[in-house]
Amino acid sequence: QVQLVESGGGLVQAGGSLRLSCVASGTVFSINDMSWYRQAPGKQRELVAVIESDSSVDYVDSVKGRFTISRDNAKNTAYLQMNSLKPEDTAVYSCNANIIDHTRRAYYYWGQGTQVTVSS
């Protein structure tokens, strides 16, 4: 059984920073891509950033230059460093990962989400 757990959300003033973490645990053999999504009230969920197994990355245009996604394969962990936060970044941030488990099969897993609130 595999679990993804996010942490690091909270309330911050505009211009501030937060660092989100996403840890995969359980019967993890290896991890392919890891992504961060967010969903604001009344809006569709959007892909914020993705990091592949070779550490190549991509971002939605609205966060380029402000957010940085990274990963620590030894810790089965992905991070999202968020700088220069804006009120429009307020959302529930969720981690998604393509994980190969002990059966050598790959599945996508979701974390429970963590709230990020940016005040103006």
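**Reading a predicted all-strand model**

Tutor: Let us begin with one residue: Arg-104 is exposed, with a relative accessible area of 52%, and please keep in mind throughout that the model is predicted.

Student: Why does Arg-104 count as exposed?

Tutor: The label exposed is given over 50% relative accessible area, and Arg-104 has 52%, so the residue counts as exposed. Arg-104 is found in the loop between strand S9 (91–101) and strand S10 (106–110), and, although this residue is not a glycine, its phi is positive, at about 70 degrees.

Student: Which residue other than glycine has a phi near 75 degrees, and where is its place in the chain?

Tutor: That residue is Ser-55, whose phi is positive, and its place is in the loop between strand S5 (46–51) and strand S6 (57–59). Partly exposed is the label between 20% and 50%, so Ser-55, at 41% relative accessibility, counts as partly exposed.

Student: How should I read the secondary structure, and how many helices and strands does the protein have?

Tutor: Count the elements, then follow their order along the chain. The protein comes to zero helices and eleven strands, and, read along the sequence, the pattern is β-β-β-β-β-β-β-β-β-β-β.

Student: How many disulfides does a search of the whole structure find, and which residues are joined?

Tutor: A disulfide is recognised when two cysteine sulfur atoms lie within 2.5 Å. The search finds one, which joins Cys-22 to Cys-95 with an S to S distance of 2.0 Å. This pair links distant parts of the chain, with Cys-22 in strand S3 (residues 18–26) and Cys-95 in strand S9, 73 residues apart.

Student: What is the handedness of the disulfide, and are its cysteines buried or exposed?

Tutor: The torsion about the S-S bond of Cys-22 and Cys-95 is about -75 degrees, so the disulfide is left-handed. Both Cys-22 and Cys-95 are buried, and across the protein 43% of the 120 residues count as buried.

Student: How does the radius of gyration of the protein fit a compact globule?

Tutor: For 120 residues, a compact globule would have a radius of gyration near 14 Å, and the protein agrees because its value is 14 Å. The box filled by the C-alpha atoms, taken along the principal axes, is roughly 50 × 25 × 25 Å. As for contacts between residues at least 6 apart in sequence, 54% join residues at least 24 apart.

Student: What supplies the exposed area, and where do the charges lie on average?

Tutor: The protein exposes about 6,400 Å², of which carbon and sulfur atoms supply 47%, while the mean positions of its 11 positive and 11 negative charges are 3 Å apart.

Note on methods
Residues are numbered from 1 along each chain as its sequence is written. This is a predicted model: local features need pLDDT of at least 70, side-chain atom pairs count only at pLDDT 80 or more; totals for chains, interfaces and linings use all residues. Side-chain values use heavy atoms; hydrogens and water are left out. Helices (H or I, at least four residues) and strands (E, at least two) are DSSP runs, numbered from the N terminus. Buried means under 20% relative accessible area, exposed over 50%, partly exposed in between (1.4 Å probe, protein chains only). The radius of gyration is taken over C-alpha atoms; the globule rule is 2.2 Å times the number of residues to the power 0.38. Contact means heavy atoms within 4.5 Å. Accessible areas come from the Shrake-Rupley method with a 1.4 Å probe; for residues, only the protein chains shown count as cover. Lys and Arg count as positive and Asp and Glu as negative; His and the chain ends are not counted. The place of a charge is taken as NZ of Lys, CZ of Arg, CG of Asp or CD of Glu.
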